[in-house]
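I set aside this session for the aromatic rings, looking up how they pair and where charged side chains meet them. My entries follow in the order in which I worked.

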Amino acid sequence: MTVPTQVDLLVADTTIVTMDAQRRIVVDGALAVTGDKIVAIGKSLDLKRAYTARETVDGSRFVITPGLVNAHVHVTGEPLTRGLVPDNTGFEENVFQWLVPVHNAYTEADERLACRVAALEMLRSGTTCFLEAGTIRFLDAVVDGLAETGIRARVGEWAWDFSPVDQSHPPAATDAAVRVLEDELRRYPGGDDKRIAAWPILIGHMTCSGPLWRAAKELADANGAGVAAHMSPVKADPDWFLARHGVRPLEYLAELGAVGENVTFTHAVHLNEFEVAILAEARANVCHCATSALKGAYGVTAVGRFPEMQAQGVNIALGTDGNNNSNYHDLMRATYLIAALFKDSRRDPTLFPTEQALECATLNGARVLGMSDSIGSLEAGKKADFVAHDTWRSEWRPLFNVPNQLVWSADGRGVHSVWVDGRRVVDDYRCTTIDEEKILAEAQIAGEAIVARAGLPIKSRWPIV
């Protein structure tokens, strides 16, 4: 008689969307965990015989999925001013008249609070790992704040070498930006055992010189990290590169050697066919922030080439951007949008089917982070980052097709429990690592103070009486 193996956790009698190579959906399934790793996935009856667990969770009401990966999110600046910016502002007004003053008004304590507010929303809606957008000013405080939440992250300090006075890139500014990148990589190195680490993340757009782009790519290559940057949400970026360099942004960056499989461009709405080909040949990544594009009137459904990127093998991940762009960090809502937008804009219902949309939210995000070997799917030997979606809810029943229900019916409000590194960080709709009432009360007070310091109005088109 075989003696059962001891494990820490067994989630049994459940449905598991593995996202493995065969894309198996295991019904009457179970998942065994020891430490921070998945030990086995299979039929519940088999795993109950093979393992004895210190904790057993009844998963009969759940659909288990891999933790979602948010490939572009601002965890500072905007979480404490959610919804402040009116929804009729163009890109330049949004950034320079609203967001830059807000970022400048943040203190170190504000950034530490903001990142925990953002992490709370992500965890509560099923995101277990994220790539920060590169707008952190107080990196040590943010890393400290994120560490206590239990979320997995790659983060970066604000880095550019742009002079807004004459749109130049002074060499002294370039040297200072490179030192920022070098220093953050030294302080927060990566590796499979590092839940939080630094990347050389750039602001992007037209704010970074060729030498800074080259340095960021070289540092990423040398440190097993990646580069991420904003690029071409609107026509202003390609117009600037054409005027300054005579070529479009990705052509310029490819000539520098700054495009590769560890490089991710966020937004990437205003690309031409040659830039799509550059991305495909370099096996580079794009992060699609659908709600930001829609709210900001970027023209994503009119000119966005995401179906062409998909067809040519460009890795497309999903992001939620900032709390004054998409205004939320529920990645399930972004998954719904990529499944929907291009079906309508191209009048082709075969584009971005449910299964591809789920890949964008899991496997593709893991690839962006360089973590395909450890997250993105549920398999033995991978990290125990997974989500329990509660199916005893009106949006889930009746249930026939699990992927369809995940993309088209459900959202993050149905997330019952979340595990990161085998630790339960959300249980029964509540975060176990954060005092939710306390942090939300602090967020309201801090946000009001930030708006006052920034000197920004609170605009309403309806009378407030």
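Which residue lies over the face of Y328, and at what distance from the ring centre? I looked this up in what is a predicted model, and found R333 there, at 4.0 Å from the centre of the Y328 ring. I then turned to W392, where the charged end of R397 sits over the ring, 4.4 Å from its centre.

Next entry, on ring pairs. With centres within 6.5 Å as the rule for a pair, I noted a count of 10 aromatic pairs. I took F241 and Y252 from these: their ring centres are 5.6 Å apart and their planes stand at 55°, so I entered the pair as tilted. Because F241 belongs to helix α7 (residues 236-245) and Y252 to helix α8 (residues 249-256), this pair ties together parts that are 11 residues apart in sequence. I also checked accessibility, and both F241 and Y252 came out as buried.

I went on to F306 and F342, whose ring centres lie 5.6 Å apart with planes at 35°, so this pair is tilted. Here the contact links distant parts of the chain, since F306 is in helix α12 (residues 306-311) and F342 in helix α13 (residues 331-345), 36 residues apart. Buried or exposed, I asked of F306? Its relative accessibility is 0%, so I wrote F306 down as buried; for F342 the relative accessibility is 0%, and F342 therefore counts as buried.

Last entry, on clusters. I noted that W158, W160 and F162 form one aromatic cluster.

Conventions:
Residues are numbered from 1 along each chain as its sequence is written. This is a predicted model: local features need pLDDT of at least 70, side-chain atom pairs count only at pLDDT 80 or more; totals for chains, interfaces and linings use all residues. Side-chain values use heavy atoms; hydrogens and water are left out. Rings of Phe, Tyr and Trp (its six-membered ring) pair if their centres lie within 6.5 Å; planes under 30 degrees apart count as stacked, over 60 as edge-to-face and the rest as tilted. Helices (H or I, at least four residues) and strands (E, at least two) are DSSP runs, numbered from the N terminus. Buried means under 20% relative accessible area, exposed over 50%, partly exposed in between (1.4 Å probe, protein chains only). A charge sits over a ring if NZ of Lys or CZ of Arg is within 6 Å of the ring centre and within 35 degrees of the ring normal.
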